[in-house]
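User: I am a first-year student and I would like to see how the words used for a structure follow from its values. Could you take me through some of them with the reasoning spelled out?

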Amino acid sequence: MANEEDDPIIQEIDVFLARSLLEKLYLFQYPIRPASMTYDDVTHLSAKIKPKQQKVELEMAIDTLNPNYCRSKGEQIALNVDGTCTDETSTYSSKLMDKQTFCSSQAASNVSRYAAAVYRKGELHLTPLHGILQLRPSFTYLDKADAKHREREAANEGGDSSQDEAEDDVKQITVRFSRPETEQARQRRVQSYEFLQKRQAEEHWVHLHYYGLKDSRSEHERQYLFSQGHGLAENTELIKSPSEYLMMLMPPSVEEENNKPMAPSNVLSMAQLRTLPLADQIKILMKNVKVMPFANLMSLLGSGTDSTAVLRCIQQVAMLVQGNWVVKSDVLYPKDTSSPHSGVPAEVLCRGRDFVMWKFTQDRWVVRKEVAAVTKLCPEDVKDFLEHMSVARINKGWEFMLPYDEDFVKKHPDIVQRQRMLWMGIQAKLEKVYNLVKEHLTPKKQETQSGHPLLVSGEQRVNMAKAKVKQSYGQLEKEFQKQKAELKSNDTSSKIDVSNIRIKEEPVSDEEPMDTSVYEGLNNGIANGLHAEEDSMDSLNGHLPGSCSDRVAQELKAFVSSTFKKQFVLTLSELKRLFNLHLASLPPGHILFSGISDKMLQDMVLDIGCKQILVPFPPQTAASPDELKVYALWEAGDIYDQHRQVLLEIFSKNYRVRRNVIQNQLSQDLNKQEVDRVLKDCCVSYGGMWYLKGTVQS
């Protein structure tokens with residue numbers, strides 16, 4: 001009691017789990033910087049990543065004007081790497097080591113215990129980290145220097161005698177024929193270090209855009225560090241029973257776990273399963289069971305599990321077939337895997353299994369020969385597909401292993417409708433790939449003209465009667481609406497009866513909230529966003545009075561001016577996005593909600609002194625018309641106006657430019673740091689080239 005009085009609780013803080021950046025947030029650990037390098041926005045020249053390996057390379061500039069920088073050493077390194085001639089392939093175009101490459105390595109293999117925390121207004125928002133990467137200097141330029149040194153030595157030793165050349169021409173060749181590779185030899189080769197290194201080298205680099213700390217895009221992305229919804233359904237992972245919470249605080253020691261006998265790989269421990277996140281539990285269960293009704297899945301997950309969260313997770317790993325959930329093909333056959341029977345890649349296997357699943361959505365019976373004829377896969381692969389979800393019947397074919405789950409279909413019509421739309425998309429893809437004919441698309445009818453009479457159960461008769469009632473009801477409803485419309489048109493020819501207008505409503509379950517767009521809350525209809533018609537100069541309520549239009553012009557001018565003074569170069573698409581964000585921050589009833597058209601916005605951009613830069617985009621560009629309109633602030637009132645204008649003139653003739661071309665144009669009056677400042681104002685670096693802001697086409 002005395003200890004508790006000495007250490008009272010000062011404040012209680014609510015903790016929220018933010019999921020917007022789940023599996024996307026990385027922590028970079030930079031090395032201790034040398035005196036000639038600063039980690040700011042200007043020094044980040046380019047960045048690229050290999051997502052599967054979680055490997056990152058950053059290229060950062062070195063301040064060559066710093067007194068701590070050894071210029072003679074930098075010139076010597078550049079000379080050793082590039083030689084005396086400089087071209088586009090040169091590592092250091094300025095004949096000086098003015099940049100350094102950093103390569104990442106994983107700091108920890110398991111980062112599930114780490115999270116990024118943001119504290120705001122008495123709330124602590126946590127976002128789990130997907131990886132922690134340590135950046136270390138890369139010395140690949142030394143390998144390049146050694147390679148050039150060896151080339152020079154080989155060239156100097158090229159004056160051998162003709163006798164030596166004749167001896168080199170005559171060589172004994174041994175021809176060997178390789179034997180067929182066994183399965184064990186293939187497994188050893190796949191697990192070897194050389195094979196893994198080759199696979200890692202084959203993965204292509206993905207070039208990244210770097211946005212500075214004060215960039216508008218960075219500010220927008222930082223908002224995702226806060227939890228988007230504080231509801232109970234969004235934070236079900238934080239709700240644990242006392243025993244589970246105690247187990248998380250004091251997990252069993254590693255020594256105890258090592259002493260336990262290892263279970264076979266195909267045995268699933270329910271005790272270990274329930275320690276995993278809900279999404280992983282569902283994925284493991286579906287991967288092992290293959291087909292499961294929703295009621296059985298809820299019973300396996302234990303009491304107290306939120307059905308809404310389960311519905312959200314099950315749709316990520318399974319598809320609905322006859323009211324039951326069947327695991328998705330890409331879960332069983334991940335990317336870069338192959339068939340153990342035929343060696344067919346996973347993409348082809350997924351396509352064939354999707355065809356089998358789709359056939360079961362049309363009928364309870366599937367014929368194996370038909371599947372093999374359409375998919376062109378080996379019999380063993382087709383048999384695996386069918387055994388996942390059906391049972392073989394002698395002289396009949398393969399029947400879906402579970403009965404139709406009518407209870408789930410009645411309780412969750414919105415899920416059923418959504419799954420039906422997904423199957424329609426899959427069907428369209430299958431039609432293109434397999435060139436399906438009409439007989440494959442329609443379920444086969446039972447032949448009743450010959451043989452024994454067809455026996456129909458009572459349940460099937462009830463379902464057939466319900467289908468007929470629905471069909472006849474639809475026809476009667478159409479006729480009734482037609483007669484009603486004719487009567488109304490006879491009574492009133494000039495007025496519109498609003499009661500006859502019916503809005504189609506799709507059933508939405510209370511347990512599965514629908515996904516909404518990010519900008520839905522920003523636009524709030526046409527009045528709060530930008531009008532699509534450029535000639536629309538009026539508000540929704542008619543023409544604006546003179547005083548109101550002046551106030552709108554003043555507010556719009558203030559926004560456009562402040563935006564261009566920060567960004568200098570913007571496309572119309574990016575300007576409209578920033579304007580929508582600005583509207584979202586304004587209080588209700590603000591004067592800007594009266595309606596701003598695209599034409600008003602573009603006229604205001606030109607009025608404040610901006611100019612449109614006619615960037616020569618490539619002919620095959622997929623950019624929208626708004627992304628092709630590039631505006632730049634021509635005069636900002638500082639000492640760099642003239643240099644920015646020279647830079648904009650360069651980009652009016654070139655879509656992308658190398659840095660050495662820009663540096664040659666600007667280095668007469670500016671040093672390297674000032675050139676970096678001008679480039680930061682107007683351009684971005686991507687893949688070793690420089691583009692105007694917003695014009696990079698990935």
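Analyst: In this predicted model, glutamine 567 has its place in helix α23, which covers residues 546-567.

User: Why is glutamine 567 counted as buried?

Analyst: Buried means under 20% relative accessible area, and glutamine 567 has 9% relative accessibility, so glutamine 567 counts as buried. Leaving aside residues up to four places away in sequence, glutamine 567 touches Asp215, Ser216, Asp681 and Lys693.

User: What makes α15 oblique to α19?

Analyst: The axes of helix α15 (residues 346-362) and helix α19 (residues 413-434) come within 10 Å and cross at roughly 125 degrees. Angles of 65 to 115 degrees count as roughly perpendicular and those over 145 as roughly antiparallel; the angle here falls in neither range, and therefore α15 is oblique to α19. The crossing of these two helices, α15 and α19, is left-handed.

User: Which residues of α15 and α19 meet, and into what kinds do they divide?

Analyst: From α15 come Arg351, Gly352, Asp354, Phe355, Met357, Trp358 and Thr361, and they meet Trp423, Ile426, Gln427, Leu430, Val433 and Tyr434 in α19. Sorted by kind, the residues of this contact are eight nonpolar, three polar and two charged.

User: Why are β17 and β19 said to stand at the edges of their sheet?

Analyst: The open sheet has three strands in the order β17-β20-β19, with antiparallel pairing. β17 (569-571) and β19 (610-613) each have a single partner strand, so one side of each is left without a neighbour in the sheet, and that places them at the edges. From one strand to the next, the twist averages 30 degrees.

User: How do you know that β19 and β20 pair?

Analyst: Two strands pair if at least two bridges are found between them, and β19 and strand β20 (residues 630-633) have four bridges, in the antiparallel sense, so they count as a pair. Across this pairing, cysteine 610 stands opposite leucine 633 in β20.

User: What makes β21 and β22 a pair, and which residue between them takes a positive phi?

Analyst: The reasoning is similar: at least two bridges are needed, and strand β21 (residues 683-686) pairs with β22 over four bridges in the antiparallel sense. Serine 685 has tryptophan 690 in β22 as its bridge partner. Their hairpin has two residues between the strands, and glycine 687 takes a positive phi near 65 degrees there.

User: How do you know that both faces of β22 are covered?

Analyst: In strand β22 (residues 689-692), Met689 and Tyr691 lie on one side and Trp690 and Leu692 on the other, and all of them are buried.

Conventions. Residues numbered from 1 in each chain as written. Predicted model: local features only at pLDDT ≥ 70, side-chain atom pairs only at ≥ 80, totals over all residues. Heavy atoms only, no water. Axes fitted to C-alpha atoms, helices over the stretch in contact; angles between N-to-C directions. Parallel < 35°, antiparallel > 145°, perpendicular 65-115°, else oblique. Left-handed = near helix turned anticlockwise from the far one by under 90°. Contact = heavy atoms within 4.5 Å. Nonpolar A, V, L, I, M, F, W, Y, C, P; charged D, E, K, R; others polar. Buried < 20%, exposed > 50% of the residue type's maximum accessible area, 1.4 Å probe, protein only.
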